[in-house]
Amino acid sequence: MADGMSNGGAGRHAGFWLRELPYLAILLLTVGGVAYVSMERTPIVPFWEFVAVASCAACVYAGWADAAGKEARWHLIWTQALHWGAFLGAMNLVFLPSVQAVADADSTSLFLLLLLALGTFVAGVHTSSWRMGLNGVVMGLCVPAVAWLDQSALFVALTALVIVTVGAGLMWGYLKLRG
């Protein structure tokens with residue numbers, strides 16, 4: 001009987017992490033991308049495009065259970081595709097040579113993080129996903145934090161943020177499963 005309980009608990013833990021994985025992945029990708037760009041001082045367009053597409057997929061995942069029926073699911077897919085397509089368009093405007101001529105890598109990174117934070121928060125609102133909305137808020141709070149830190153402190157601060165975020169997620173999951 002104890003084995004059945006432990007397997008049930010393990011199943012709940014695995015289920016919890018599978019549900020939370022898209023949100024944690026988006027947050028880790030974003031923070032990692034900002035840290036990389038800040039260290040290397042060069043924008044990485046394909047990476048940010050991947051983050052936008054991954055965010056779109058996470059938003060569809062977040063809203064899928066609430067979308068009852070084929071029509072509602074298609075609506076979810078199209079609205080998220082248009083939402084994140086607009087973000088990709090805005091992001092590519094930032095990478096135009098005329099814009100890059102007046103913006104350095106740090107300001108470009110901050111602007112992209114701000115765009116991604118706004119896009120993530122609004123997508124969370126539209127999909128009724130508090131997790132996506134919270135990701136957007138955390139990303140948005142990173143913008144002023146990143147702006148005040150220099151290159152080496154940025155890496156340390158972002159690493160600490162990732163550790164705290166993952167630790168908080170672990171603690172929240174543990175407390176939720178326990179209680």
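## An all-helix chain and its two main pockets

Read along the sequence, this predicted model runs α-α-α-α-α-α-α, with 7 helices and 0 strands (DSSP runs of H or I, at least four residues, and of E, at least two, numbered from the N terminus). Residues are numbered from 1 along the chain as its sequence is written. Local features need pLDDT of at least 70 and side-chain atom pairs pLDDT 80 or more, while totals for chains, interfaces and linings use all residues, and side-chain values rest on heavy atoms, without hydrogens and water.

Of the 179 residues, 35% are buried (under 20% relative accessible area, 1.4 Å probe, protein chains only).

Let's look at helix α3, residues 70-94: its 25 residues reach 36 Å from first C-alpha to last, close to the 36 Å expected at 1.5 Å a residue (counting one less than the number of residues). Its buried residues are L76, Q80, W84, F87, M91 and V94, and they pack against α2, α4 and α5 (contact: heavy atoms within 4.5 Å).

Now the pockets, which are open sets of points on a 1 Å grid where a 1.4 Å probe fits, with protein on both sides within 12 Å along at least five of seven lines; lining residues have an atom within 4 Å of a point.

| Pocket | Volume | Gives the most to the lining |
|---|---|---|
| Largest | about 340 Å³ | α1, 6 residues |
| Second largest | about 180 Å³ | α3, 6 residues |

Closest to the centre of the largest pocket are E20, L24, L134, T165 and G169. L76 and Q80, both buried residues of α3, are among those lining the second largest pocket.

Methods
Buried means under 20% relative accessible area, exposed over 50%, partly exposed in between (1.4 Å probe, protein chains only). Grid points are joined across faces, edges and corners, and a volume is the space filled by probe spheres set on the points.
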